[in-house]
Amino acid sequence: MSGPTKTETRTKTTKKTRTRAGAKKQSGAAVRDRLPGDPSAEERVARMIRVDQAGEYGARRIYEGQLAVLGRTPGGAQIRHMYEQELAHLETFDRLVAERRVRPTALQPVWHLAGFALGAATALMGEKAAMACTVAVEEVIDEHYASQAEALGEDEAPLKETIERFRAEELEHRDLGLASGAEQAPGYPLLTAGIKRASRLAIWLSERV
Ligand SMILES: [Fe+2]
Ligand SMILES: [Fe+2]
């Protein structure tokens with residue numbers, strides 16, 4: 001009889017499995033090809049919900065900080081509009097955390113203070129700096145939601161649809177910020193680079209802690 005022996009076949013299969021596990025994870029395949037230490041599919045979705053709730057909570061606090069300073073100015077109405085959409089986003093993720101029994105981030109008290117401080121500090125620099133803050137944060141959230149939507153399979157279609165819908169609203173916020181002169185804020189490139197770095201770090205931490 002020709003063809004590979006049993007041992008050869010097994011070696012080939014193991015090799016193939018390892019390569020697939022190392023490659024970009026596809027929803028269903030990731031569960032089977034999991035290596036020790038990799039999060040399960042369930043844990044990956046839990047992480048997504050945890051970080052998204054944390055992010056929407058942070059967004060709520062940023063806009064509360066901005067409204068504390070700029071709420072009564074002519075630009076206040078636009079900030080309030082974005083704030084109200086963030087409240088709806090947060091409500092959805094609060095519900096998902098409860099329904100799926102996801103452990104919420106332990107860092108919420110940090111985002112409570114840091115979000116408000118970021119919003120208020122940029123607002124104190126002026127309305128354009130507040131808009132620059134929105135642009136920076138929403139650009140990071142756009143990337144973040146895009147990669148989550150891509151990673152979710154058909155078994156999580158409703159969650160994927162929710163994330164896509166919120167992502168579209170975050171992009172509207174970014175566009176409102178740009179239309180309101182964000183790029184004319186003093187030190188725009190440095191300011192937005194700093195806020196983006198901080199936002200990415202906050203995402204990384206909230207997925208895990
Ligand atoms: Fe949001
Ligand atoms: Fe937003």
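**Figure 1. Order of helices in the predicted model.** Along the sequence, the elements of this predicted model follow the pattern α-α-α-α-α-α-α-α. The protein has eight helices and zero strands. Of its 209 residues, 42% are buried. Among contacts with a separation of 6 or more, 79% join residues 24 or more positions apart. The accessible surface comes to about 11,600 Å², and carbon and sulfur atoms account for 57% of this area.

**Figure 2. Protein donors of the iron ion (ligand 1).** The donors are Glu56 (OE), Glu56 (OE), Glu86 (OE), His89 (ND1) and Glu170 (OE), at 2.0 to 2.7 Å from the ion. Glu56 thus appears twice in the list of donors. The spacing of the donor residues in sequence is E-x29-E-x2-H-x80-E. His89 belongs to helix α4 (residues 76-99) and Glu170 to helix α7 (residues 157-179); this pair, 81 residues apart, links distant parts of the chain. Both His89 and Glu170 are buried.

**Figure 3. Protein donors of the iron ion (ligand 2).** Here the donors are Glu86 (OE), Glu138 (OE), Glu170 (OE) and His173 (ND1), lying 1.8 to 2.6 Å from the ion. In sequence these residues are spaced E-x51-E-x31-E-x2-H. The four donor atoms subtend angles of 76 to 123° at the ion, so the arrangement is irregular. A tetrahedral assignment would need all angles between 85 and 135 degrees. Glu138 is in helix α6 and Glu170 in helix α7, so this pair ties together parts that are 32 residues apart in sequence. Glu138 counts as buried because its relative accessibility is 3%, and Glu170 counts as buried at 1%.

**Figure 4. The bridge between the two iron ions.** The iron ion (ligand 1) and the iron ion (ligand 2) lie 3.6 Å apart. Glu86 coordinates both ions and so bridges them. Glu170 is also listed among the donors of ligand 1 and among those of ligand 2.

**Figure 5. Helix α3 and its burial.** Helix α3 (residues 41-70) contains 30 residues. From its first C-alpha to its last it reaches 43 Å, close to the 44 Å expected at 1.5 Å a residue. Of the 30 residues, 22 are buried, so α3 is largely enclosed by the rest of the structure.

**Figure 6. Nonpolar cores and the contacts of Phe93.** The largest nonpolar core has 36 residues, of which Ile49, Phe93, Leu159 and Ile163 touch the most other members. Two or more residues of this core come from each of α3, α4, α6 (127-151), α7 and α8 (188-208). Helix α6 gives the largest share, 11 residues. A second, separate core has six residues, including Tyr57, Leu90, Leu107 and Trp111. Not counting residues up to four places away in sequence, Phe93 touches Ile49, Asp52, Gln53, Glu56, Tyr145, Leu159, Ile163 and Phe166. One of these contacts, Glu56, is also a donor residue of the iron ion (ligand 1).

**Figure 7. Arg95 and Gln53.** Arg95 is placed in helix α4. Arg95 counts as partly exposed because its relative accessibility is 43%. Its C-alpha atom is separated by 9.4 Å from that of Gln53, and the two residues are 42 residues apart along the chain. Gln53 is among the residues touched by Phe93.

Conventions
Residues are numbered from 1 along each chain as its sequence is written. Chains are lettered from A and ligands numbered from 1 in the order in which they are written. This is a predicted model: local features need pLDDT of at least 70, side-chain atom pairs count only at pLDDT 80 or more; totals for chains, interfaces and linings use all residues. Side-chain values use heavy atoms; hydrogens and water are left out. Donors are N, O and S atoms within 2.8 Å of the metal (3.2 Å for Na, K and Ca); water is not among the atoms, so sites may look incomplete. Helices (H or I, at least four residues) and strands (E, at least two) are DSSP runs, numbered from the N terminus. Buried means under 20% relative accessible area, exposed over 50%, partly exposed in between (1.4 Å probe, protein chains only). Contact means heavy atoms within 4.5 Å. Accessible areas come from the Shrake-Rupley method with a 1.4 Å probe; for residues, only the protein chains shown count as cover. The expected span of a helix is 1.5 Å times one less than its number of residues. A nonpolar core is a set of buried Ala, Val, Leu, Ile, Met, Phe, Trp, Tyr and Cys residues joined through side-chain atoms within 4.5 Å. Four donors count as tetrahedral if all angles lie between 85 and 135 degrees; four count as square planar and six as octahedral if opposite donors are over 155 degrees apart and all others between 65 and 115; anything else is irregular.
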